[in-house]
Amino acid sequence: MTRQFSLLLAILFGLNLPLEPGTRHALSAAESGKPNVLFIAIDDQNDWIGTMGGHPLAKTPQIDRLANRGTLFMNAHCQAPLCCPSRTSLLLGVRPTTTGVYGLNPSFRTLEPWKDRVALPQHFQAHGYRTLTTGKIYHGDPGSPELRRKEFDLWGPSGGIGVTPEKKLIGNTPMGNHPLMDWGVFPHRDEDKGDYQVASWAVEQIKSARKDEPFFLATGFFLPHVPCYATQKWFDLYPDDDRVLPLVKAGDRADTPRFSWYLHWNLPEPRLKWVQEHEQWRNLVRSYLACTSFVDSQVGRLVDALEEAGLADNTIIVLWSDHGWHLGEKGITGKNTLWERSTRVPLLFAGPGISPDGRCRQPAELLDIYPTLIDLCHLSARTDLEGISLMPQLKDATTRRERPAITSHNQGNHAIRSENWRYIHYADASEELYDLQNDPHEWENLINHPQYAATVAEHKQWLPRVDVPPAPKSAHRVLTYDKKTDEAIWEGERILRTDPIPE
Ligand SMILES: [Ca+2]
Ligand SMILES: [Ca+2]
């Protein structure tokens, strides 16, 4: 069978024939009426988005406006509460428990089973799309110009933090005084921030887009990832008093298993106790909110550019964050947990074929983005994806979804989030259960209440059956556990049952 003929069959019958990255369809995608895609990633953005209700004071007018134009998933969750595994899962369309990518290393392209796997942007490239990227989409740069071209046709500025103060604003932080662990206001210009430059480049690409070739434009914002620096005007959106603080319950960890601490055993992100004692809690919360509002304004610049270029009606916008962030809840700041604040993320679609004002409360996964974009853009289907298209919910947000959202953090640790419940199973067999309808903050672990045995059993059946150990050369935030010896290894160091929890 010639390649042209196999491509033709793929177009006609949606067969999952391998499409080599960099090769293009015989048919021009524009001729077949394919919409553009504006793919917007936000880093470490939790559910503190105005219309999601995660924080009553969060101001995100641009994302809210976009949500009104499209469908917002109110119960969407990452597949891993960490950049590299979450993004790897989304871009490959497979779970972290399938690849074994759980830590910040390795890059999946260095792993034999995944080095040639067609990632989401490559699938678009193979269907005649011009693919462009700026800012943080993948975790880490592929390296050489040749490797970069395999992932995207054109690379813009990498963005990142941008301008920084001369020294850390909050002084030394515990557990290693990591340079990124900083936040606050200092005099600088918004234009000197990495995210502003990323948005500016994306706006230029939208303005100069060719009319005869659809684009897939990936724009990855860095904030509100730490360090959370913002200019005064963004801080001024939030009161300088304790109304900004999230609700936390004293002693909330008394009923969570000790193993829950192992998932974030020793990390640069300070605990709640430290930010309280150093009078940094309110400053951190305001800084995070200020950065969220700043990124929101950059999203607005992209949407405005699409409208001004006359492309809004022919462009699918998908906006997502790679995972959430705690700001004191459950006694910690940071990610790396299997609770709501760490797994719940904004996920919204807007554009042709998508219902406006949709608010879907069914569980959804970032894993679903790949097959959903295939459907929205009428590309050939793939049989190697583990997500399920959200197309029915984009037509009618009340359409039920059978499968819950599943988040994994290292082998053996999983959260199963259904419409109303969260069930957590750790590698040492300890468990948690929360009734999100009556306990939205997940304060009361119901696992020992016998009346919920059926609920637990129902959720347990969704635990991943494929649950591989960490891939070779896994590092950074990697936890392993041996049931036979009850031995947990965090970042290469053994944790004993009697070890005090690091602060
Ligand atoms: Ca991240
Ligand atoms: Ca509790």
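**Close-up 1. The calcium site and the spacing of its donors.** Along the chain, the donors of the calcium ion (ligand 2) follow the spacing D-x2-D-x187-W. The site joins distant parts of the chain: D252 sits in the loop between α8 (232–235) and α9 (259–262), while W443 lies in the loop between β18 and α15, 191 residues apart. Coordination comes from D252 (O), D252 (OD), D255 (OD), D255 (OD) and W443 (O), at 2.3 to 3.2 Å. Donors here are N, O and S atoms within 2.8 Å of the metal (3.2 Å for Na, K and Ca), and water is not among the atoms, so sites may look incomplete. Helices (H or I, at least four residues) and strands (E, at least two) are DSSP runs, numbered from the N terminus.

Please keep in mind for every view that this is a predicted model, where local features need pLDDT of at least 70, side-chain atom pairs count only at pLDDT 80 or more, and totals for chains, interfaces and linings use all residues. Residues are numbered from 1 along each chain as its sequence is written, chains are lettered from A and ligands numbered from 1 in the order in which they are written, and side-chain values use heavy atoms, with hydrogens and water left out.

**Close-up 2. A sheet of four strands with a helix packed on it.** This open sheet of 4 strands runs in the order β15-β16-β17-β18, with antiparallel pairing. Its edge strands, each pairing on one side only, are β15 (405–408) and β18 (431–435). On average, neighbouring strands are turned by 10 degrees against each other, direction ignored. Helix α15 (residues 453–460) packs on the sheet and touches β16, β17 and β18; the helix direction makes about 70 degrees with that of β17. Contact means heavy atoms within 4.5 Å. Axes are lines fitted to C-alpha atoms, for helices over the stretch in contact, and angles run from 0 to 180 degrees between N-to-C directions. Look inside the sheet for β16 (residues 414–417) and β17 (residues 421–425), which pair in the antiparallel sense over 4 bridges. H414 has H425 of β17 as its bridge partner. Two strands count as paired if DSSP finds at least two bridges between them.

**Close-up 3. A sheet of three strands.** Here the order is β19-β20-β21, in an open sheet of 3 strands with antiparallel pairing. β19 (479–482) and β21 (493–495) are the edge strands, and each pairs on one side only. From one strand to the next, the twist averages 30 degrees. β20 (residues 487–490) pairs with β21 in the antiparallel sense over 3 bridges, and the bridge partner of I489 in β21 is R494.

**Close-up 4. Backbone details in three loops.** Most residues other than glycine have a negative phi, and most peptide bonds are trans. N105 and P106 are joined by a cis peptide bond, with omega about 0 degrees; P106 is in the loop between α4 (96–99) and α5 (120–125). The peptide bond from V226 to P227 is also cis, with omega near 0 degrees, and P227 is placed in the loop between β7 (215–221) and β8 (228–230). E279 is not a glycine, yet has a positive phi of about 50 degrees. You will find E279 in the loop between α10 (272–277) and α11 (281–308).
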